[in-house]
Amino acid sequence: MDDQCLSEAKTDRVLAIYSRLVGGAVLNKADLAQQFHVTQRSIQRDIESLRCFFAEQELPQDIVYDKRSRGYRLIDNAQKKLSNSEVLAVCKILLESRSMVTDEMMPLLDRLIDCCVPEQNKAIVQSLVANERFHYVPPHHGKHLLNGLWEIGQAVRNHQVMEIQYERMKEPKLVTRRVEPVGIMFSEYYFYLTAFLQDVDRKTEFENEQDLFPTIYRIDRIRAFQVLDEHFHVPYKDRFEEGEFRKRVQFMYGGKLQKIRFRYTGPSLEAVLDRLPTAKVLAEDDDGWDVEAEVFGSGVEMWMRSQGDYLYKVERV
């Protein structure tokens, strides 16, 4: 067989392999060698040729060996990346959050755009967030948060006790606490640690000593912390669920779990339901809605005051 025939045979073979991979097949090298009457080394070179082609053309595809299936399969890396719209949305949310000092926020935005946006669209995405970047106002606490956030997250995941020095709003200002961290949350410009206190007099430190829910700490007010080599046990049925807690807490004010009912006559019921995820409409008429919601503590009162004359007949049930 002359060189031209050999080249055509290889091309046909590579195209056939690629076609099967695109179709979702998992290909075994020994089986391919037998089908095409070549050596396994030739099949390996075919696979490497396809990989080189993907790289040269900057295609978001690759061929990987699947140990479980004992064969090669095609993966599409484009599905793992964010779309232009998704990156733009995340950038806008980050800027609006005003959650980090400038020299943490801006590099984060740059890396997000650099890693997730195709080269030809980077300038467009940058221009769409440029004005907000220029006028960005960082939080007034001025604290760097990212370095400690992961370490706190690991303590939550591994159920490790922490010792924190926390700056309170009331006297004494700086207190030391041993806590069992159970979650990290974000709300209204700030990151928060939710944790159960150890070794504390609940009668003097708590408004409600029967409060069974975690204490909420603003992470920027944690002046120092240490993750101890001491673990605490949380039965699965008693685990803290951040999602369920978030539905019921307003402005990150903890406190007693309670149910409230009120009459709302404002222009946007959606705004009420979005602010109070546990809210349910009990009745509706031409003038407004009767609503019931389950909430923690007194934080909801701040929102109620903001509603003015639109909200009245508030009662706790």
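This is a short dialogue on how to read two sheets, a helix pair and one histidine in a predicted model.

Visitor: Where should I start with the strands?

Guide: Strands of a sheet pair through backbone hydrogen bonds, and the pairing is either parallel or antiparallel. In this structure, one open sheet has five strands in the order S6-S5-S4-S3-S7, and its pairing is antiparallel.

Visitor: Which strands stand at the edges of that sheet?

Guide: Strand S6 (215-218) and strand S7 (222-231) do. Each has a single partner strand, so one side of each is left without a neighbour in the sheet. On average, neighbouring strands of this sheet are turned by 45 degrees against each other, direction ignored.

Visitor: How many bridges join strand S4 to strand S5?

Guide: Nine bridges join strand S4 (residues 174-187) to strand S5 (residues 190-198), and the two run antiparallel. To find one bridge, take phenylalanine 186, whose partner in S5 is phenylalanine 191.

Visitor: Which strands does helix H7 lie across?

Guide: H7 lies across strand S3 (160-167), S4, S5 and S7. With S4, the helix makes an angle of about 90 degrees.

Visitor: What is the strand order in the sheet of four strands?

Guide: The order is S9-S10-S8-S11, in an open sheet with antiparallel pairing. Its edge strands are strand S9 (280-284) and strand S11 (311-316), each of which pairs on one side only. Here neighbouring strands are turned by 25 degrees against each other on average, direction ignored.

Visitor: What joins S8 to its partners?

Guide: Take the two partners in turn. Strand S8 (residues 257-264) and strand S10 (residues 289-296) run antiparallel and are joined by eight bridges. Among the residues involved, leucine 257 has phenylalanine 296 of S10 as its bridge partner. S8 and S11 also run antiparallel, joined by four bridges. There, isoleucine 260 stands opposite arginine 316 in S11.

Visitor: Which strands does helix H11 touch?

Guide: Helix H11 (residues 299-306) packs on this sheet and touches S8, S10 and S11. Its direction makes about 160 degrees with that of S11.

Visitor: How do I read a pair of helices, such as H4 and H6?

Guide: Look at the axes, then the angle, then the residues. The axes of helix H4 (residues 84-97) and H6 come within 11 Å and cross at roughly 20 degrees. Angles under 35 degrees count as roughly parallel, and H4 and H6 are therefore roughly parallel to each other. Their crossing is right-handed. The contact includes Val87, Leu88 and Cys91 of H4, and Val125, Leu128 and Val129 of H6.

Visitor: Is histidine 141 buried or exposed?

Guide: Buried means under 20% relative accessible area. Histidine 141 has a relative accessibility of 15%, so this residue counts as buried. To find histidine 141, look in the loop between helix H6 (119-134) and helix H7 (146-158).

Visitor: Which residues does histidine 141 touch?

Guide: Not counting residues up to four places away in sequence, histidine 141 touches Tyr190, Arg218 and Asp220. In addition, a polar atom of the histidine 141 side chain lies 2.9 Å from the backbone nitrogen of lysine 143.

Definitions and conventions:
Residues numbered from 1 in each chain as written. Predicted model: local features only at pLDDT ≥ 70, side-chain atom pairs only at ≥ 80, totals over all residues. Heavy atoms only, no water. Buried < 20%, exposed > 50% of the residue type's maximum accessible area, 1.4 Å probe, protein only. Polar contact = N/O pair within 3.5 Å; in protein donor to acceptor, adjacent residues only side chain to side chain. Contact = heavy atoms within 4.5 Å. Pairing = 2+ DSSP bridges. Axes fitted to C-alpha atoms, helices over the stretch in contact; angles between N-to-C directions. Parallel < 35°, antiparallel > 145°, perpendicular 65-115°, else oblique. Left-handed = near helix turned anticlockwise from the far one by under 90°.
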